[in-house]
Each structure stands twice: as C-alpha cells, then as structure tokens.
Amino acid sequence: MSCCAKTKAGKPCGAPAAEGNNQCVMHSGRAAELGSKGGRRRAVYNPDGLKEFPAPKSAANLRELLAQSIIEIRTGKLDPKLANSISYLGAGFLRALEVADLENRLLALEARTENSDGKSEAQS
C-alpha cells in the first residue's frame, strides 16, 4: 500500500506506507525518531572513557592494546571503525617488527662474517 499523503508539490507521495499506518515513515511523524537513532549510531566516541596506552614497542604491547580494544568495543566505549583502524595499523606494526628483527639478525651475521674474515687473514 502506498502513502496517502501529498508531497509539497501537491502530488501523491508514492512511498510505501509504514507498517500499521496509511502513511510512509516521513509523513507519519516518525522521521525525527529514526533520524535520532541514526545519529546515535554515528556518534563520535569520546576517548575520555578509554584506557590510556603508551605507544606499543613490542608485540606483547600491541597484544594488550588489541585485547583492551576488544573489551571496549563490546562495552560500547570504542567505535568499531576506530578499532578497525587500530587493527589495521597493528598488522603494519607487527610487519615492521619482523623486518626490524630480520635487519638486526642480518647485521649481526655480517659483523660475525667480517670478524671471521679478518681473523683468518691475520692468521695467514
């Protein structure tokens, strides 16, 4: 069933009628209520209620941050979009930790190789 109300131009609305009503949502007066629901869903979260965390320096620090973020999402304190960003950045952070570890190991191997080359030349 279509809405029985008229548009501002005087034409029939044509939108489907809301359940239990002969008018659409916009003409039945429920538009403000629905708009406020959407506004609450899109509310900017206030970071004051979030637990303070220093910048992670290790995978263990990141693990704690992600665990706390999960709790804060479930309690409604943290915006899921923000948590998604934290997760994405955390994945990049872990990759950077891996690369840094590989670089350090490579430098140590190169230093050891240079030392062993120097010793064998000195012994000759």
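The largest pocket in this predicted model has a volume of about 200 Å³. Here a pocket is an open set of points on a 1 Å grid over the protein atoms alone, where a 1.4 Å probe fits, with protein on both sides within 12 Å along at least five of seven lines; the volume is the space filled by probe spheres set on the points, which are joined across faces, edges and corners.

Lining residues, those with an atom within 4 Å of a point, include Pro47, Phe53, Leu65, Ser69, Glu72 and Ile86. By class, seven are nonpolar, one is polar and three are charged. Helices H3 (59-74) and H4 (80-123) each supply at least two lining residues, and H3 gives the largest share, with three. Helices are DSSP runs of H or I with at least four residues, numbered from the N terminus.

Now to the cysteines. The structure holds zero disulfides, a disulfide being a pair of cysteine sulfur atoms within 2.5 Å. Two cysteines show why:

| Cysteine | Closest cysteine sulfur | Relative accessibility |
|---|---|---|
| Cys4 | Cys3, 5.5 Å | 48%, partly exposed |
| Cys24 | Cys13, 3.8 Å | 5%, buried |

Both distances are too far for a bond. Buried means under 20% relative accessible area, exposed over 50%, and partly exposed in between (1.4 Å probe, protein chains only).

A note on reading these values: residues are numbered from 1 along each chain as its sequence is written, and side-chain values use heavy atoms, leaving out hydrogens and water. Because the model is predicted, local features need pLDDT of at least 70 and side-chain atom pairs count only at pLDDT 80 or more, while totals for chains, interfaces and linings use all residues.

Technical notes. Ala, Val, Leu, Ile, Met, Phe, Trp, Tyr, Cys and Pro count as nonpolar, Asp, Glu, Lys and Arg as charged, and the others, Gly among them, as polar.
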